[in-house]
Structures are given as C-alpha cells and as structure tokens.
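Colleague: I would like a close look at a single part of this model. Please take me through it step by step, in plain words.

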Amino acid sequence: MASINVQNLDEDVLRRLETRAVGNGRSLEDEARHILVEAAGEDMEAKRKAFRELSRRLRAETAGTPQTPSEILIRQDRDFGHRRV
C-alpha cells in the first residue's frame, strides 16, 4: 500500500480532523484515510449526478414560486428563533 505525507496543514484543520476522528471512534490516521477513500470513491460521481438531478428537479418544481431572500430568513432566525423560554 502507498502512503502520503501532507505538509503545511493548517492547525485549525488538524484540530477539526482530530475532533471528527474522536467523534467517529477512529484515530486521526484512520479518519484521514476514511475521508480520502470516500472522496476518491467510485460512487462519488454517482452521488454528484444524483444531487445535480435532484437540484434540477427541485428548481423545476419551484419555478415561479416567490422565494424569501436568505438574509431575511437568517435575521428572523437570529431575532426570534433562538429565544429561550
């Protein structure tokens, strides 16, 4: 099996990977391996194609429907959505 060495990895990225690894019950190396296998997997293109098709279908289904701008929804959520009772 081959191996790679990743240089100049941002410390914040490393911390997030370590946190993710702990959350998934894996070592940092196992987590990195898992991410790489998933990213390079043969089914990734199939997932992308399925996502594009779903996006196309949803755009067609909602064509002409008025949409609320995201900044309004975010502001409403910030103002009203996180109140503690």
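Modeller: Let us start with how helix 1 and helix 2 lie against each other in this predicted model. They are roughly perpendicular. The reasoning is short. Their axes cross at roughly 95°, and angles from 65 to 115 degrees count as roughly perpendicular, so the pair falls in that class. The axes come within 9 Å. Helix 1 covers residues 11-23, and helix 2 covers residues 28-40.

Now look at the residues that meet. Helix 1 brings Leu14, Leu17, Glu18, Arg20 and Ala21. Helix 2 brings Leu28, Glu31 and Ile35. Sort them by class, and the contact has five nonpolar residues, three charged residues and no polar ones.

Pick out Glu31, which sits in helix 2. Is Glu31 buried or exposed? Its relative accessible area is 0%. Buried means under 20%, so Glu31 is buried. Which residues surround it? Set aside its neighbours within four places in sequence, and Glu31 is in contact with Leu17, Arg20, Ala21, Asn24 and Arg26. With one of them, Asn24, there is a polar contact between the two side chains, at 3.1 Å.

Next, follow helix 1 itself. It has 13 residues. At 1.5 Å a residue, helix 1 should span 18 Å. Its end C-alpha atoms are 18 Å apart, so the two values agree.

Both ends of helix 1 have a detail worth a look. At the start, a side-chain oxygen of Asp10 comes to within 2.8 Å of the backbone nitrogen of Asp12. Just after the helix, Gly25 has a positive phi of about 70°.

Step back to the segment before helix 1, where Asn8 is placed. What is its phi? The value is near 60°, which is positive, and Asn8 is not a glycine. Most residues other than glycine have a negative phi. Asn8 has a relative accessibility of 80%. Exposed means over 50%, so Asn8 counts as exposed. Compare the two residues: Glu31 is buried, whereas Asn8 is exposed.

One last stop lies beyond this pair of helices. Thr65 is in the loop between helix 3 (43-61) and helix 4 (70-81). With a relative accessible area of 41%, Thr65 is partly exposed. Where is Thr65 relative to Gln7? The two are 58 residues apart along the chain, and their C-alpha atoms are separated by 48 Å.

Notes:
Residues are numbered from 1 along each chain as its sequence is written. Side-chain values use heavy atoms; hydrogens and water are left out. Axes are lines fitted to C-alpha atoms, for helices over the stretch in contact, and angles run from 0 to 180 degrees between N-to-C directions. Helices (H or I, at least four residues) and strands (E, at least two) are DSSP runs, numbered from the N terminus. Angles under 35 degrees count as roughly parallel, over 145 as roughly antiparallel, 65 to 115 as roughly perpendicular and the rest as oblique. Contact means heavy atoms within 4.5 Å. Ala, Val, Leu, Ile, Met, Phe, Trp, Tyr, Cys and Pro count as nonpolar, Asp, Glu, Lys and Arg as charged, and the others, Gly among them, as polar. The expected span of a helix is 1.5 Å times one less than its number of residues. A polar contact is a pair of N or O atoms within 3.5 Å; within protein, one must be able to donate a hydrogen and the other to accept it, and residues adjacent in sequence count only if both atoms are side-chain atoms. Buried means under 20% relative accessible area, exposed over 50%, partly exposed in between (1.4 Å probe, protein chains only).
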